[in-house]
Structures are given as C-alpha cells and as structure tokens.
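Here is a short report for a first look at this structure. Keep the model open while you read.

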Amino acid sequence: MADVLVVVDHVEGSVRKPTLELLTVARRLGTPVAVALGAGAGQTAEVLAGHGASRILVSEASEFADFLVVPKVDAVQRAVELVDPVAVLFVSSGENKEIAARLALRLESGVITDAVDVEAGEDGRPVAVQSAFAASYTTRSRVTRGIPVITVKPNSAPVEPVEGAGAVEELAVDFAAGVRGARVVSRSARESTGRPELTEAAIVVSGGRGLGSGENFALIEALADALGGAVGASRAAVDAGWYPHAHQVGQTGKSVSPQLYIASGISGAIQHRAGMQTSKTIVAINKDAEAPIFDLVDYGVVGDLHTVVPQLTEEVAARKG
C-alpha cells in the first residue's frame, strides 16, 4: 500500500488526540508514516506505533523552537522527499495551515484545508470532504496536481488503536538560510483551567449575549465542567469583555467540530455558525423562538437560559451519580 505522511502534533512528546484521529484517516488511504518534530519527538514513538504508524521520522533540532514555521516546512518537505507519500495530512490549526500552504507551494501541489473527512477515491487518491456555507452544503474535493496536502479538523474521525511496526528513524534536515527570518524571543505558559483544549474537545458549551454579563459565564462553566467539556463564547460576549478572546468560536475566532455543541444565549449569526457548523450534534438554548440558531440545531430549547442551564447542570450531575 502507498504511504501517507502524518505530521504529528505533540507537546514535549505527549501526542495530542487529533493526531491519533489523523492516523485513523491515514489508514483508509494507505500505510501511515508519522513525522514528529521538536523537543520530545522521540518520545512519541510508542503511542504512534500503537495507533498504526509503520515508520516514525523524528527530529529534535533546536530550530523548531527558536524560529517560526519555516524550519517545520523544511523538515516536512524533507520527509516528503524520503517517503514519496500519496498524501500529507495535518491537523487543522492556524500554524499547521500555514505550514501546509507553504509546503504545497514548494511541492507545486494543491492544498485543501479544514476537511471534516478524507476518503479514498476510486483511483485510490484522497477525496476531502468539507462543510460549507454554515453547513448548508457538503463538498468533496480532490487535488489534481502533485501530492495532496490536506488539513483535517479535530474530531473528524475516531481514535482506533492498532499496532504498527513503529520503526523510528532520525530525520536529517538541512535548514535553508531563510529559516532565521523570524525568531521566537519569549514564551509564556497559558494558565490551565483543567478543561479540554477548545478546538479538540468532544463537548463544547458556549455562551453569548443572552447571558447578560460576564459573571453569568459561571453558568456555562458549571455545565461544561459537569459534561467534561470546554467553554466557548460568541463574538458579542468577547467584544463585551465578558470572556477571553481565546475562547471565541466563529469566523474571527476558533473553529470547533465537537461531538456535542451547546449554544446558550447565542442568536446564531453567520460568523458564529462558521466556527461550529461541523459539530456532530448541536443544541441551542434561547428565549427567542425566532433566533436563527434554531435553523441549524438538532435540538432546541426555547426558554430562559438562566433557568434552563442550571437545571441541565443539576440533571447531568445527578445522572453521573
């Protein structure tokens, strides 16, 4: 079978869940070959092999931490030259989409971003499935020139453990002179909330203008914690200063694709829908029965969120025992 290159997202050797989902996708197309870059890359091997990676190319060069983006483009391009894959898969994120675009330009290939699924076409080449226009349309696209470079949204496939050969190989990279164009001068750790990362969470609970104040986001946080989910916010709530921008869901915020998305006090403007339209199940709580969000949802509750959300939180806690 043809090889499929999977670019690994990890934090100091701890593999993030969307990468394991990518390995599931890659097995539909061929034999997964993983490339892990940065500090701790070598520590990813056991987990990657346990999810189907036949080979793991690793490089822990300091350039990945010291400079922006370009070193990773150099490294993935080198991996492509070694593997000659049928496709290159990335997890969709801001940085990864930039790397994917730069890589496709170098390879003179096409790039497809934010796929919600990838299938094998009749000719064996990958076909990317995307959701468009607030989930009104589903499109299937293929790259017609070069090696397809595709970014895939988190929660687009299940994690399926399966043993691979997992042979670890050192990836030797000759970095271009332009690598040093933008240096990282400092880093600060983000304060941990104990909740899942917003873009990776299986459950997201979001609040909007209907909350009435920033203090009322405690209702959203309590429900999210009861469900083991992440907290999101609409642009209106963020612009009002009620919740940090890092939690904004929408066209000008983050794009999420959880198994369950609960929108509380959110009208459903098109820019918000653009960031959550690919959620598998959508629930809305809003006192306005004519709110546009109800056109998109699987389940809707017309009622005062200040009453409904605490009741829902209590019921979830009770059923969890």
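Helices (H or I, at least four residues) and strands (E, at least two) are DSSP runs, numbered from the N terminus. With that in hand, A289 can be placed: A289 is in the loop between strand 16 (281–286) and strand 17 (299–302).

This is a predicted model, in which local features need pLDDT of at least 70, side-chain atom pairs count only at pLDDT 80 or more, and totals for chains, interfaces and linings use all residues. Residues are numbered from 1 along each chain as its sequence is written, and side-chain values use heavy atoms, with hydrogens and water left out.

**The whole protein**

The protein has nine helices and 17 strands. Its C-alpha atoms fill a box of roughly 60 × 45 × 40 Å along the principal axes. The radius of gyration is taken over C-alpha atoms, and the globule rule is 2.2 Å times the number of residues to the power 0.38. For 321 residues, a compact globule would come near 20 Å; the protein has 21 Å, which agrees.

Buried means under 20% relative accessible area, exposed over 50%, and partly exposed in between (1.4 Å probe, protein chains only). Buried residues make up 50% of the 321 residues. The accessible surface (Shrake-Rupley method, 1.4 Å probe) comes to about 14800 Å², and 49% of that surface belongs to carbon and sulfur atoms.

Contact means heavy atoms within 4.5 Å. Among contacts with a separation of 6 or more, 64% join residues 24 or more positions apart.

Charges come next. Lys and Arg count as positive and Asp and Glu as negative; His and the chain ends are not counted. The place of a charge is NZ of Lys, CZ of Arg, CG of Asp or CD of Glu. There are 28 positive and 38 negative side chains, and the centres of the two sets lie 3 Å apart.

**Four loop residues**

| Residue | Loop | Relative accessible area |
|---|---|---|
| E12 | strand 2 (10–11) to strand 3 (14–15) | 63%, exposed |
| S109 | helix 5 (94–107) to strand 7 (111–115) | 16%, buried |
| N155 | strand 11 (149–152) to strand 12 (167–170) | 4%, buried |
| A289 | strand 16 (281–286) to strand 17 (299–302) | 45%, partly exposed |

E12 has a positive phi, near 50°, in a residue other than glycine. N155 is not a glycine either, and its phi is positive at about 65°.

What does the side chain of S109 reach at 2.9 Å? It is the backbone nitrogen of I147. Leaving aside neighbours within four places in sequence, S109 is in contact with A104, R145, G146 and I147.

A289 touches F294 and V302, not counting residues up to four places away in sequence. A289 and E122 are 45 Å apart in space, C-alpha to C-alpha, and 167 residues apart in sequence.

**Helix 6 and its cover**

Which residues of helix 6 (residues 217–227) are buried? They are F217, I220, L223, A224 and A226. An α-helix has 3.6 residues a turn, so residues three or four places apart point the same way.

The cover over these buried residues includes three strands: strand 13 (203–207), strand 14 (230–233) and strand 15 (260–264). Helix 7 (235–239) and helix 9 (305–320) are also part of that cover. After helix 6 comes G228, with a positive phi near 75°.

Methods. A polar contact is a pair of N or O atoms within 3.5 Å; within protein, one must be able to donate a hydrogen and the other to accept it, and residues adjacent in sequence count only if both atoms are side-chain atoms.
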